[in-house]
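The exercises below concern side-chain contacts, burial and backbone geometry in a single structure. Each task is followed by a solution worked in steps.

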Amino acid sequence: MWNSFRTDARAGMTAEVISYPGGNGDEIHAYLARPATDEPVPGIVAVHHIPGWDEFYREFSERLARHGYNVICPDLYCRFGHGTPDDVAATVRSQGGVHDDSVVADCAGALSWLKALPASNGKVGIIGTCSGGRHALLTASRVAGFAAVADLWGGGVVASEEELSPARPVAPIDYTADLTAPLLGLFGNDDSHPSPAQVDLHEAELKRHGKAYEFHRYDGAGHGFFYYHWPMYRPEAAMDGWAKVFDFFGRHLAT
């Protein structure tokens, strides 16, 4: 949990950019953050949002690592070229976005990579915000082996036919029957993508299929309420949300 460390603990963390085998065996970049320990720990795949493989996601990964997880955050835009995160994200948007199949394959590769670490306890979760929340849920629904998934306000989980595209041909809600990992969902009640009504539809589908899940909704919070660098930041909701994330992964990924 937040602020629960002992002041005499010899804690530490390492973080660096690495390359690993993503989809189709392509070597792609990833940000790796992990605690300085020889003990086996769980792993987490952090799935970045539409703004890209940015500084927020490096800090996001480091926060998870400080709480005892080996964290890998793949650069899902790696094949589109390099530059600043904003420039690369603009290139990706101009080309219709990264394809779901590419994201799923890269995250499946990250799952295998984490499980193969000598310091792995064999359990891996996946988490993402915004489009990354959608991608995290999609991946956990299509790839076996994840022990937990956290969707933080993932837009497009529920989508109409008109909202589908060549890059996103299937709405993740349509894979609900295939989801085997327990799901955590965090949502702002002032959000429009997903709207509260869309979250209701998703919850009803999870119940229909008997899936293990827990949803938490926040009044006064909209899209991106964790983003402390943007005006939509809501500190009280964000800190409660982080507590929910740590508790959820602690229960499902511990040895």
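F60 has a relative accessibility of 2% and therefore counts as buried. The model in which this value was computed is a predicted one.

**Exercise 1.** Classify the ring pair formed by F60 and W242, and state which elements the pair connects.

*Solution.*
Step 1. The structure contains 20 aromatic pairs. In the pair of F60 and W242, the ring centres are 5.2 Å apart and the planes enclose 50°.
Step 2. Planes under 30 degrees apart would be stacked and planes over 60 edge-to-face, so the remaining class, tilted, applies to an angle between these limits. The pair of F60 and W242 is accordingly tilted.
Step 3. F60 belongs to helix α1 (residues 55-66) and W242 to helix α6; the pair therefore ties together parts that are 182 residues apart in sequence.
Step 4. W242 has a relative accessibility of 6%, so this residue counts as buried, as F60 does at 2%.

**Exercise 2.** Determine the geometry of the ring pair W153 and Y227, and describe the backbone at W153.

*Solution.*
Step 1. The ring centres of W153 and Y227 are 5.6 Å apart and the planes stand at 75°, so the pair is edge-to-face.
Step 2. The two residues come from distant parts of the chain, 74 residues apart: W153 from the loop between β6 and β7, Y227 from the loop between β8 and α6.
Step 3. The limit for a buried residue is under 20% relative accessible area. W153, at 0%, is therefore buried, and Y227, at 2%, is buried as well.
Step 4. W153 is not a glycine, yet its phi is positive, at about 45°.

**Exercise 3.** For the salt bridge of R134 and D100, establish the distance, the location and the burial of the partners.

*Solution.*
Step 1. The closest N and O atoms of R134 and D100 are 2.8 Å apart. A salt bridge requires a side-chain nitrogen of Lys or Arg within 4 Å of a carboxyl oxygen of Asp or Glu, so a pair at this distance qualifies.
Step 2. R134 is in helix α4 (residues 131-142) and D100 in helix α3 (residues 100-115); the pair links distant parts of the chain, 34 residues apart.
Step 3. With a relative accessible area of 2%, R134 is buried. D100 is likewise buried, with 3%.
Step 4. The structure holds eleven salt bridges in total.

**Exercise 4.** Set out the salt bridges E214 with R251 and K244 with D240, giving the elements involved in each.

*Solution.*
Step 1. E214 and R251 meet at 2.9 Å, N to O. E214 is in strand β8 (residues 213-218) and R251 in helix α6 (residues 235-253), so this bridge ties together parts 37 residues apart in sequence.
Step 2. R251 has a relative accessibility of 43% and thus counts as partly exposed.
Step 3. K244 and D240 meet at 2.7 Å, N to O. Both residues lie in helix α6, four residues apart, about one turn of the helix.
Step 4. K244, at 23% relative accessible area, is partly exposed, and D240 is also partly exposed, at 31%.
Step 5. Elsewhere, D26, R79 and D106 are joined into one network by salt bridges that share partners.

**Exercise 5.** What separates the C-alpha atoms of E59 and R251?

*Solution.*
Step 1. E59 is located in helix α1 and is partly exposed, with a relative accessible area of 33%.
Step 2. E59 and R251 are 192 residues apart along the chain, and their C-alpha atoms are separated by 23 Å.

**Exercise 6.** Describe the peptide bond between H193 and P194, and the backbone at C130.

*Solution.*
Step 1. The peptide bond joining H193 and P194 is cis, with omega about 15°. P194 is in the loop between β7 and α5 (196-208).
Step 2. C130 is not a glycine but has a positive phi of about 55°. C130 is placed in the loop between β5 (120-129) and α4.
Step 3. At a relative accessible area of 15%, C130 is buried.

**Exercise 7.** Which residues form the negative surface patch, and is D174 buried or exposed?

*Solution.*
Step 1. The patch consists of E161, E162, E163 and D174.
Step 2. D174 is in the loop between β6 (148-152) and β7 (183-188).
Step 3. Exposed means over 50% relative accessible area; D174, at 58%, is therefore exposed.

Notes
Residues are numbered from 1 along each chain as its sequence is written. This is a predicted model: local features need pLDDT of at least 70, side-chain atom pairs count only at pLDDT 80 or more; totals for chains, interfaces and linings use all residues. Side-chain values use heavy atoms; hydrogens and water are left out. Patches are made of residues with over 30% relative accessible area and no salt bridge: like charges are joined within 9 Å, nonpolar side chains (Val, Leu, Ile, Met, Phe, Trp, Tyr) within 5 Å. Accessible areas come from the Shrake-Rupley method with a 1.4 Å probe; for residues, only the protein chains shown count as cover. Lys and Arg count as positive and Asp and Glu as negative; His and the chain ends are not counted. The place of a charge is taken as NZ of Lys, CZ of Arg, CG of Asp or CD of Glu. Buried means under 20% relative accessible area, exposed over 50%, partly exposed in between (1.4 Å probe, protein chains only). Rings of Phe, Tyr and Trp (its six-membered ring) pair if their centres lie within 6.5 Å; planes under 30 degrees apart count as stacked, over 60 as edge-to-face and the rest as tilted.
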